[in-house]
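This report addresses the surroundings of a bound ligand and the enclosed space within the protein. The sequence and structure are shown first.

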Amino acid sequence: MAYTVSKLTDYSAQALEKAASDCLRACSDEAAQVRTEAQLKAFRDRWMARKNGILTQINDQWLKGAPKDAKREAGIRVNELKTKIQGLVESAHVAGSGEALASETVDITLPGVRRPIGAEHPVMRTWREIVSVFQKLGYSVAEGPVVETDYYNFEALNFPPNHPARDTQDTLFIAGQQEKPQRERLLLRTHTSPVQIRTMEKMRPPIRIIIPGTVHRNDPPDASHSPMFHQIEGLAVDTNITFGDLKGTLDHAMKALFGSSVKTHFRPSFFPFTEPSAELYVTCFICGGSGKRGSDPCRPCKQTGWIEVLGCGMVDPNVFEFVKDNGYDPKKISGFAFGMGVDRLALLKYGVDDIQLFFQGDVRFLQQFG
Ligand code: 2NL
């Protein structure tokens, strides 16, 4: 029940004391319940308004109705009460922190904040395109750690102990690992191949996997190098997998990625983990294979009409030896593997001439892909 001023009939000291303390308690309770600026104003008006505010009512009802001999005492009491009520009303504030809340109010009639819609990064777009081509062929996506051991990054992939790819020129090693045996030392993976070994340890053949991920090499950044870049590798292992399966799969994938008119061309190469190994070339999708752009030489294919897109080969039996106990006996199964640089393909696909643009996060560059 809201407090109302009642007429006084008893002007004894105790009665005045009780009336005053009831009034003070009511005022103090109401002050504590103020939550908004509007409530604060209503509270002040209710108690202080000259016309019919509670203090005015007390003045009218308690003082004017007092018997002559009680007037003086009642006057002193009412004045005390007024001072206290004024104090309460003046210090009343919006609960929380008054000023802060007031400044935090939201004008809901203002127009909304327009957030610019971003564009898919060309590297991630290329990444997803490649992954989805292989997913449609029944490949599963596998991922694994970026910080790897020497064992998974090199040893199990048939890198001989002093192979140049282990060199500090290429590999970023984690510091303070000298105490550990070589195979346990940590490094930033230089390719996503360790994930293939990890997957073969967990899953028995047959397998078809595609592995996208970030990799690191100790290369100084320039227009075509970045110490961090993206790689996608694939692996198919089954009974009787042949080089013909490799060629058919990759020819299909290249047509899906670069258009059905591209032709593929395999050239012998070398990788420690495949034998035989090959580089895959596709007809230049810039000049269509002619080597010329109008009367100018075609730069991306160096006028050859062919662009190298990936490395591939039949998995070396030495690699299977490391996972032999999980069903990968090289006498019973065979497989092919391939690996490609996502950033390099994105550069070619979108005609970008500097890989650094992919990593600088400049919206003026990225907006062009929206
Ligand atoms: C390249 C070449 C390649 C592989 C990666 C691979 C993985 C295992 C076994 C055998 Cl576990 N091979 N991966 C094979 C051939 C080439 O990448 O130029 N990448 C950018």
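## Polar contacts of the ligand

A polar contact is a pair of N or O atoms within 3.5 Å. In this predicted model, a nitrogen atom of the ligand lies 3.2 Å from a polar backbone atom of Gly339. Two side chains also take part: a ligand nitrogen is 2.8 Å from an N or O atom of the Glu233 side chain, and a nitrogen of the ligand is 3.2 Å from an N or O atom in the side chain of Gln231. On its own the ligand has 490 Å² of accessible area, of which the protein covers 89%.

## Composition of the ligand shell

The ligand is surrounded by 16 residues, and Gln231, Glu233, Gly311, Ala337 and Gly339 are the closest. Divided by class, this shell contains 8 nonpolar, 7 polar and 1 charged residues.

At least two shell residues come from each of α8 (193-202), β5 (228-238), β10 (306-315) and β11 (334-341). The largest share belongs to β11, which supplies 5 residues.

## Internal cavity

The count of cavities of 30 Å³ or more is 1. The largest cavity has a volume of about 30 Å³, and its lining is formed by Thr126, Ile130, Leu257, Phe258, Leu345 and Lys349.

Helices α6 (122-135), α9 (243-258) and α11 (342-350) each contribute at least two residues to the lining of the largest cavity. By class, that lining comprises 4 nonpolar, 1 polar and 1 charged residues.

Definitions and conventions. Residues are numbered from 1 along each chain as its sequence is written. This is a predicted model: local features need pLDDT of at least 70, side-chain atom pairs count only at pLDDT 80 or more; totals for chains, interfaces and linings use all residues. Side-chain values use heavy atoms; hydrogens and water are left out. A residue is near a molecule or strand if one of its heavy atoms lies within 4 Å of it. A polar contact is a pair of N or O atoms within 3.5 Å; within protein, one must be able to donate a hydrogen and the other to accept it, and residues adjacent in sequence count only if both atoms are side-chain atoms. Accessible areas come from the Shrake-Rupley method with a 1.4 Å probe; for residues, only the protein chains shown count as cover. Helices (H or I, at least four residues) and strands (E, at least two) are DSSP runs, numbered from the N terminus. Ala, Val, Leu, Ile, Met, Phe, Trp, Tyr, Cys and Pro count as nonpolar, Asp, Glu, Lys and Arg as charged, and the others, Gly among them, as polar. On a 1 Å grid over the protein atoms alone, a cavity is a set of points where a 1.4 Å probe fits but cannot get out, and a pocket is an open set with protein on both sides within 12 Å along at least five of seven lines; lining residues have an atom within 4 Å of a point. Grid points are joined across faces, edges and corners, and a volume is the space filled by probe spheres set on the points.
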